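Reader: I am new to this structure and would like a friendly tour. Could you take my questions one at a time?

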Amino acid sequence: MELAQTPRARSLSVLVVDDNDVDVDVTTENLHAAWPGPVRVTRARDGAEAARSLERETFDVCLLDYHLGAESGIDVLRAARARGTDIPVVMLTADADHDVDVAASAAGADDYLDKCRSSPVILERAIRYAMSHRRGVRELREQNLELARVNLELERLDREKNVLLGMAAHDLRNPIGIVQSYAELLATSPELAGTEAAEILETMRRSCAHMTAMIDDLLDVSTIASGTLLLERRPCDLAEVVRGVVAQHTAMADAKKIVLELTCLPVPPVRIDPARFEQVMANLIANALKYSHAGTRVIVRVAPRGEDRVLVSVSDQGIGIAAEFLPRLFRPFERAQRAGTSGEKSTGLGLAIAQRVVEAHGGTIEVSSRSGEGSTFTVVLPVGGDADRVALSP
Ligand SMILES: Nc1ncnc2c1ncn2[C@@H]1O[C@H](COP(=O)(O)OP(=O)(O)OP(=O)(O)O)[C@@H](O)[C@H]1O
Ligand SMILES: [Mg+2]
């Protein structure tokens with residue numbers, strides 16, 4: 001075991017706060033007798049003088065008298081600690097009293113010494129003890145600060161995980177709805193020919209694969225540890241991704257007697273996380289279907305926008321959005337939320353998630369809408385870029 005280096009090996013600077021000249025002389029003598037290294041004594045007669053000295057220079061220890069004329073050493077100490085003075089303090093008193101001892105340590109004294117019983121050996125020991133006690137107090141304070149910091153970080157991760165969970169639960173609803181509507185179609189249409197049934201089963205299989213991927217993402221150890229979803233972006237054929245999502249929603253459109261169309265102009269590859277971007281498109285298309293009546297059309301368009309961007313838009317002829325709701329549309333759980341035309345549920349999360357994902361792709365999402373006439377949501381993405389990973393922080 002390594003022996004800790006004792007402060008005896010070095011010089012000592014002491015602030016003696018005492019109004020009694022004789023006492024100061026005795027204390028100074030004891031200090032010189034007990035401490036083998038050089039001792040420098042600075043004297044203060046009262047609290048104000050002590051405060052000035054403490055402000056001006058640093059001391060190894062403060063020997064503080066309990067009776068400072070009209071002042072109490074305890075008040076002086078309390079005020080000094082309140083100002084952030086972190087020096088080891090030994091409280092000295094001529095009339096040893098248990099209550100004073102307790103009050104002194106509550107005020108921040110590191111040790112307490114009865115002047116009458118003091119000797120060089122006892123004083124030296126008290127100083128050493130006070131220094132080591134103060135070191136312990138400082139370490140404890142630092143550990144507490146570190147604990148508070150870790151706690152804050154844990155609370156942040158916990159909040160972010162809740163948001164991620166909420167997002168995943170929300171986005172699982174779409175593929176479940178798709179599987180459900182196709183399953184109903186299969187169950188109620190025994191006349192469906194082999195190829196058609198095979199296509200439906202394939203769409204159901206893809207929806208299930210999508211859900212599994214989402215759950216895998218969520219259970220991914222790094223997601224759990226960091227509270228952050230990673231987008232795995234790579235150059236993709238946007239039209240193909242959008243076509244897949246449109247196909248998944250045809251049963252839903254058919255059930256509401258809405259025509260769902262896709263028009264694609266040739267566009268250069270864009271860097272997206274296909275699974276995440278499918279969620280964005282699913283949210284927009286599901287909204288268009290949800291807020292439209294039978295006999296209307298929903299048109300999904302993929303087209304270039306200028307030289308270096310690509311747009312995807314979803315237009316409907318549905319109920320539209322009142323002008324006053326437009327500025328708040330992308331905020332989570334906004335009051336703009338309304339049930340769908342067939343009573344579909346509404347949590348008001350879809351657009352908030354879509355915006356976050358689109359922005360993590362370096363893109364924008366905008367809406368134009370008129371109440372009663374329909375809405376168009378437009379996503380614009382930059383073209384090009386190599387495969388990479390970016391965080392989708394909640
Ligand atoms: N195509 C649309 N036509 C009319 N209103 C829309 C359309 N898309 C969104 N809205 C309005 O914006 C609100 C927010 O949409 P958002 O997708 O964020 O949530 P939601 O559809 O209500 O619920 P969910 O969380 O299930 O998606 C909706 O409640 C609705 O009032
Ligand atoms: Mg929605």
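What follows is a short conversation about the domains, cores, strands and a helix of this model.

Reader: Which domains is the chain divided into, and how many Å separate their centres?

Author: Glad to help, and please keep in mind that this is a predicted model. The chain is divided into domain 1, residues 12-118, and domain 2, residues 154-392. Taken over C-alpha atoms, the distance between the two centres is 72 Å.

Reader: Which helix gives the largest share of the largest nonpolar core?

Author: That core holds 48 residues, and Val-242, Met-281 and Ile-285 touch the most other members. One helix, spanning residues 274-290, supplies 9 residues, the largest share. The helix you are looking for is H10.

Reader: Which residues is Val-242 in contact with, leaving aside its neighbours within four places in sequence?

Author: Val-242 is one of the three residues that touch the most other members of the core. With those sequence neighbours set aside, its contacts are Leu-262, Met-281, Val-300, Val-302 and Val-312.

Reader: Why do the buried residues of H8 line one face of the helix?

Author: Helix H8 covers residues 238-248, and its buried residues are Leu-238, Val-241, Val-242, Val-245, Val-246 and Gln-248. Looking down the axis of H8, you find these buried residues on one face because they fall within an arc of 160°.

Reader: How many residues of strand E3 are buried?

Author: Strand E3 runs over residues 61-65. Val-61, Leu-63 and Asp-65 point one way, Cys-62 and Leu-64 point the other way, and all are buried. E3 is therefore largely enclosed by the rest of the structure, with a buried count of 5 of the 5 residues.

Reader: Which residue in E6 is the bridge partner of Leu-64?

Author: E3 runs parallel to strand E1 (residues 12-17), joined to it by 4 bridges, and there Leu-15 stands opposite Cys-62. E3 is also parallel to strand E6 (residues 89-93), again through 4 bridges. In E6, the partner of Leu-64 is Met-91.

Reader: Which strands stand at the edges of the open sheet of 3 strands?

Author: The order in this sheet is E10-E8-E15, with antiparallel pairing. Each edge strand has a single partner strand, so one side of each is left without a neighbour in the sheet. The edge strands are E10 (270-272) and E15 (388-392).

Reader: And which residue in E15 is the bridge partner of Leu-231?

Author: Strand E8, residues 229-236, pairs with E15 in the antiparallel sense over 5 bridges. In E15, the partner of Leu-231 is Val-390.

Methods: Residues numbered from 1 in each chain as written. Chains lettered and ligands numbered in written order. Predicted model: local features only at pLDDT ≥ 70, side-chain atom pairs only at ≥ 80, totals over all residues. Domains from an automatic or database assignment. Core = buried A, V, L, I, M, F, W, Y, C linked by C-beta atoms within 7 Å. Buried ≥ 20, exposed ≤ 12 C-beta atoms within 10 Å, placed from the backbone. Helix = DSSP H or I, 4+ residues; strand = E, 2+ residues; numbered from the N terminus. Contact = placed C-beta atoms within 7 Å. Pairing = 2+ DSSP bridges. Arc of directions from axis to C-beta.
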